[in-house]
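Welcome to this guided tour. Please open your viewer and get ready to select things as we go.

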Amino acid sequence: MSSKPLVQKSLSATLVHGILICYSILALWPIFLVLINSFKSRKGIFNDPMALPSAETFSTIGFDKVLGRSNFDVYFFNSITVTVLTLGITLLIGAMAAWALAGYKYKLNTLLAFYLAIGIMVPIRLGTVSILKLVVAMGLMNTLTALVLVYIAMSLPLTIFILSEFMQQIPNDLKEAARCDGVSEYRIFFQIILPLTRPAIATVGVFTMVPVWNDLWFPLILTADDSVRTVTLGVQQFVGQYVTDWNSVLASLTLAIVPVFILYIIFSRQLIRGITAGAVK
Amino acid sequence: MPGFAKSGKRFPTHIVVFLAPAVIVYTLFMIYPLLDSLRVSFYTPDDTGALSFVGLGNYETLFFDENWSKGFWNALSNNFILFAIHMLVQNPIGLLLAALLSLPTVRGRNIYRTAMFLPTMMSVVIIGFVWQLILNPLWGVAETLLDIIGMVDYFQPWLGQESTALVTISLISVWQFVGIPMMLIYAALLNIPEELTEAAIIDGANHWQVFWRIKFPLILPTLGIVSILTFVANFNAFDLIYAIKGGLAGPNFATDIMGTFFYRVLFGFQLQMGSNGMGATVAAMMFLIILTGVIIFFFAVQRRLLRHSF
């Protein structure tokens with residue numbers, strides 16, 4: 001075994017933890033700073049930015065203003081609608097396509113897998129000119145439907161790739177046994193394969209959700225009305241408009257951060273396990 | 001790949017049914033727009049708005065017309081600076097953090113991981129505003145912090161100066177996305193069989209030597225993946241600069257990159273009218289750059305790395 005003196009060992013352990021703690025603080029502190037200051041009066045924000053809200057400086061005036069002046073509830077509703085619809089449809093049709101690639105052998109198999117994987121590397125944003133034309137031609141401009149369709153197309157490639165990698169590990173015997181019993185191909189997929197894929201689906205779900213919720217580009221381009229704005233765009237527009245009103249700015253940022261923060265705490269294990277399980281090779 | 005015992009010679013309707021929805025949506029909203037956008041880059045509208053074919057005319061305008069080429073080359077070179085900073089700062093920090101996290105003796109790594117990955121999950125827009133507030137001289141948070149470590153004289157309005165804005169924004173982006181290389185490298189390090197490192201430790205090697213001589217060569221393919229992901233993400237970036245600096249990517253276009261340039265060309269700005277043809281041309285150039293990067297990566301770098309490590 002290594003014969004390092006004990007002192008040196010504990011010293012290096014301290015150094016390792018020192019670096020990790022410093023970096024963790026660096027990662028959390030800016031967000032923490034915004035959260036605490038959103039609950040302070042203007043005076044409190046400027047006199048001592050680093051202090052926690054106290055009895056004197058506590059104030060929710062920022063939140064009152066934000067909720068009074070903007071349709072944050074509508075933005076939230078829109079973001080949730082878009083994200084949930086995208087997620088549900090992507091996972092369903094993505095899993096179906098992944099199974100078609102992983103579960104059967106036929107001529108076009110490899111070519112189709114490659115075709116569907118192009119979108120992993122090529123950003124969908126580069127097709128914006130024509131997406132815009134298409135959405136206008138379909139009469140979907142300024143609707144959440146347009147966003148959902150674009151986001152499904154954007155999320156499918158990675159979803160299909162990861163799920164088909166996962167489905168290839170499902171033993172073939174299961175399918176063969178079911179087929180011998182005369183079970184239809186559809187029931188094999190929905191009743192045997194899909195339940196077995198659940199862990200991978202959860203991971204892919206998180207991967208899909210985050211870019212959709214956070215996207216600024218497509219809401220900026222495909223929506224104009226306040227009634228179809230998502231949270232990300234709503235915050236961007238709101239902060240741009242009230243840039244000098246620090247209470248409102250901090251409160252709106254907090255409103256945008258908190259839901260993501262809560263979801264992250266709930267799903268972080270799932271997400272991290274997904275990444276470290278070699279989902280991305 | 002599992003085998004498939006073909007049950008008869010019937011047409012495999014079920015495969016088509018499984019594939020159809022995904023292939024249709026993906027083709028219609030991803031592949032078709034990409035191809036159609038490439039096509040539009042060869043057209044220009046005349047006075048009536050009707051499109052006419054101009055061959056490489058739009059590209060010629062982009063490269064050589066004074067009004068366009070300055071903006072284009074500026075955005076392109078800024079984009080390379082953004083990429084260079086990510087490669088030189090983000091990925092080494094990610095590597096360091098991953099290496100520390102994967103040390104067998106470290107406790108509480110779940111907490112560290114969760115904390116360090118949090119910014120990556122946030123919207124770029126939110127992060128942009130958060131740092132804009134922190135660096136704002138009016139608020140003075142950054143100044144106060146520098147004062148604590150005795151460096152207050154170095155404080156400048158970094159986001160507002162032409163000479164420092166791009167580097168500052170790049171570092172904000174590094175801060176946010178360091179979690180991605182960290183997690184990918186960390187996953188690769190976890191996959192290294194323990195027998196390999198244990199033998200070396202028993203022979204008296206320390207963790208430093210084990211890392212550089214055994215682990216590092218084994219994770220080279222992952223570092224390759226991280227590099228190409230960084231490249232694609234940087235040449236497709238837009239949100240952060242739009243959030244902090246707006247579409248004009250100020251001061252004086254010092255933070256303009258391909259994404260913001262594309263946005264302005266497509267939708268117009270100040271006196272310049274928006275143009276589909278020129279917008280598609282800029283998008284086509286971004287496509288070409290990303291494609292070149294991906295091809296170089298797959299056919300040159302990654303193949304050699306894989307051969308090297310196995």
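How far apart are the mean positions of the 15 positive and 16 negative charges of chain B? Select chain B and colour its charges: those two mean positions are 18 Å apart. Here Lys and Arg count as positive and Asp and Glu as negative, while His and the chain ends are not counted. The place of each charge is NZ of Lys, CZ of Arg, CG of Asp or CD of Glu.

A word on the ground rules. This is a predicted model, in which local features need pLDDT of at least 70 and side-chain atom pairs count only at pLDDT 80 or more, while totals for chains, interfaces and linings use all residues. Residues are numbered from 1 along each chain as its sequence is written, chains are lettered from A and ligands numbered from 1 in the order in which they are written, and side-chain values use heavy atoms, leaving out hydrogens and water.

**Stop 1: the whole of chain B**

Stay with chain B and switch to a cartoon view. You will find 14 helices and two strands; these are DSSP runs, numbered from the N terminus, with at least four residues (H or I) for a helix and at least two (E) for a strand. Chain B has a radius of gyration of 24 Å, well over the 19 Å that the globule rule gives for 310 residues, so it is more spread out than a compact globule. That radius is taken over C-alpha atoms, and the rule is 2.2 Å times the number of residues to the power 0.38. Turn the C-alpha trace around: along its principal axes it spans about 80 × 80 × 30 Å.

Now show the surface of chain B. About 14,600 Å² is accessible, and carbon and sulfur atoms account for 66% of that (Shrake-Rupley method, 1.4 Å probe; for residues, only the protein chains shown count as cover). Of the 310 residues, 53% are buried. Buried means under 20% relative accessible area, exposed means over 50%, and partly exposed lies in between (1.4 Å probe, protein chains only).

**Stop 2: two residues in chain B**

Select B:Leu56, in the loop between strand E2 (51-53) and helix H2 (57-64). B:Leu56 counts as exposed, at 56% relative accessibility. Add B:Phe42 to your selection: it sits 14 residues from B:Leu56 along the chain, yet their C-alpha atoms are separated by 6.0 Å.

Next, go to B:Phe253, in the loop between helix H12 (239-245) and helix H13 (258-267). B:Phe253 is not a glycine, but its phi is positive, at about 65°. With 27% relative accessibility, B:Phe253 is partly exposed.

**Stop 3: over to chain A**

Select chain A, which has 13 helices and zero strands. Its radius of gyration is 24 Å, well over the 19 Å given by the globule rule for 281 residues, so chain A is more spread out than a compact globule. The C-alpha trace of chain A spans about 75 × 75 × 35 Å along its principal axes. Buried residues make up 52% of the 281 in chain A.

Try colouring residues 6-62 as domain 1 and 70-241 as domain 2 of chain A; these bounds come from an automatic or database domain assignment. The C-alpha centres of the two domains lie 37 Å apart.

**Last stop: A:Asn142**

Where is A:Asn142? Look in the loop between helix H6 (128-137) and helix H7 (144-167) of chain A. A:Asn142 has a positive phi of about 65° although it is not a glycine. Its relative accessible area is 23%, so A:Asn142 is partly exposed.
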